[in-house]
Amino acid sequence: MKFQSRQIAIVAPSGYATDHAAYQRGLQRLREQGHRVQDFSADGSRYQRFAATDAGRIAQLHAAAMHPEVEIVIALRGGYGLSRLLPDIDFPMLARSGKLFVGHSDFTALQMGLLAHGASSLAGPMICDDFSRDDISDVTQSHFWQAVSESSFHVRVKAPGNPQLTVEGLLWGGNLAMLSHLAGTRWMPEINNGILFVEDINEHPYRVERMLLQLAHAGVLSRQRALLLGDFSGYRLTEYDNGYDFVAMVNFLRAYLGVPVLTGLPFGHTRDKLSLPVGGRCRLASDADGFSLHCSR
């Protein structure tokens, strides 16, 4: 499927590319698709575990937002680093820029700050490794460009065993660790009657439960119409868990929380992922076989 050529900016507000060849391959793929790419992370000023100094990474974000031709700003990768930048990011300027900011993982912190300032974004692929991997996902690529190019989309997800419901609300969320980390701060938007989606990696089910309970105790979950769980992988169970696994955790949450909990959302640190409008309107309809999402941004 061919889509309109775009002016794309690459920023690295968190970690750096560990595989330089793969990172360059990701940029080249965008260029081969006909897009014009401006890489604001290209100076290679790596600092400790970050892509650049704090000031340098903030400068990348601001420069991309102020560039008159840039339409889409894609994160290089996640990792850690945006938390250090939040007080000094000019969120009103980013929100006014009209750019579409794209990413996930640590990038959730920026997306929540934007949403708190009334601006939507796109939870979706990053250069490393969604665009750079050898086994690039056609599903991820196709849905990303559809979400970028069209004002609305409809997807059907096969996910039996979920509560049956039909709700509408503002779609928001992202990485669970970042959301629980931001709770109670000025960068956490106050969303009522929303549809919250979450994902994470390398987090044991008890840690997932603990972070969701943090959001529940902070009053966030009681204001939502549904909670969508995406990909949670990379953890290791041991004999100590004694039957406490992801399914047991979900069963507890469904009994404890006053909000419907659905599993199976194809989003997160996984090869095949949807691109989701953070701050868009969404209709979620679930039946015995799975659920559908009709979203607009």
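Two rings of Phe, Tyr or Trp form an aromatic pair if their centres lie within 6.5 Å, and planes over 60 degrees apart count as edge-to-face. The exercises below concern a predicted model.

**Exercise 1. Aromatic pairs**

Determine how many aromatic pairs the whole structure holds, and classify the pair formed by Phe131 and Phe144.

Solution.
1. A search of the whole structure yields six aromatic pairs.
2. For Phe131 and Phe144, the distance is 5.8 Å centre to centre, and the angle between the planes is 80°.
3. Planes over 60 degrees apart count as edge-to-face, and the pair of Phe131 and Phe144 is accordingly edge-to-face.
4. Phe131 belongs to helix α6 (residues 127-131) and Phe144 to helix α7 (residues 138-149), so the pair ties together parts that are 13 residues apart in sequence.
5. Ring pairs also bring in Trp145, which is linked with Phe131 and Phe144 into a cluster.

**Exercise 2. Accessibility of the two rings**

Decide whether Phe131 is buried or exposed, and do likewise for Phe144.

Solution.
1. Buried means under 20% relative accessible area.
2. Phe131 has a relative accessible area of 1%, so Phe131 is buried.
3. Phe144 has a value of 0%, so Phe144 is buried.

**Exercise 3. Two helices in contact**

Describe how helix α9 (residues 205-217) and helix α10 (residues 246-256) are arranged, and state the character of the residues in their contact.

Solution.
1. The axes of α9 and α10 come within 9 Å and cross at roughly 20°.
2. Because angles under 35 degrees count as roughly parallel, α9 is roughly parallel to α10.
3. The crossing of α9 past α10 is right-handed.
4. On the α9 side, the contact is made by Pro205, Val208, Glu209, Leu212, Leu213 and His217. On the α10 side, Phe246, Met249, Phe252, Leu253 and Tyr256 take part.
5. Sorted by character, the residues of this contact comprise nine nonpolar, one polar and one charged.

**Exercise 4. Backbone features**

Locate the cis peptide bond between Cys128 and Asp129, and compare the surroundings of Gln48 and Asn193.

Solution.
1. The bond joining Cys128 and Asp129 is cis, with omega about 5°. Asp129 is found in helix α6.
2. Gln48 is a residue other than glycine with a positive phi, near 50°. Gln48 sits in the loop between β2 (36-39) and α2 (54-66).
3. Asn193, likewise not a glycine, has a positive phi near 55°. Asn193 sits in the loop between α8 (176-182) and β8 (194-201).
4. Exposed means over 50%. Gln48, with a relative accessible area of 53%, is therefore exposed, whereas Asn193, at 42%, counts as partly exposed.

Note on methods. Residues are numbered from 1 along each chain as its sequence is written. This is a predicted model: local features need pLDDT of at least 70, side-chain atom pairs count only at pLDDT 80 or more; totals for chains, interfaces and linings use all residues. Side-chain values use heavy atoms; hydrogens and water are left out. Axes are lines fitted to C-alpha atoms, for helices over the stretch in contact, and angles run from 0 to 180 degrees between N-to-C directions. Helices (H or I, at least four residues) and strands (E, at least two) are DSSP runs, numbered from the N terminus. Angles under 35 degrees count as roughly parallel, over 145 as roughly antiparallel, 65 to 115 as roughly perpendicular and the rest as oblique. A crossing is left-handed if the near helix is turned anticlockwise from the far one by less than a right angle, and right-handed if clockwise. Contact means heavy atoms within 4.5 Å. Ala, Val, Leu, Ile, Met, Phe, Trp, Tyr, Cys and Pro count as nonpolar, Asp, Glu, Lys and Arg as charged, and the others, Gly among them, as polar. Rings of Phe, Tyr and Trp (its six-membered ring) pair if their centres lie within 6.5 Å; planes under 30 degrees apart count as stacked, over 60 as edge-to-face and the rest as tilted. Buried means under 20% relative accessible area, exposed over 50%, partly exposed in between (1.4 Å probe, protein chains only).
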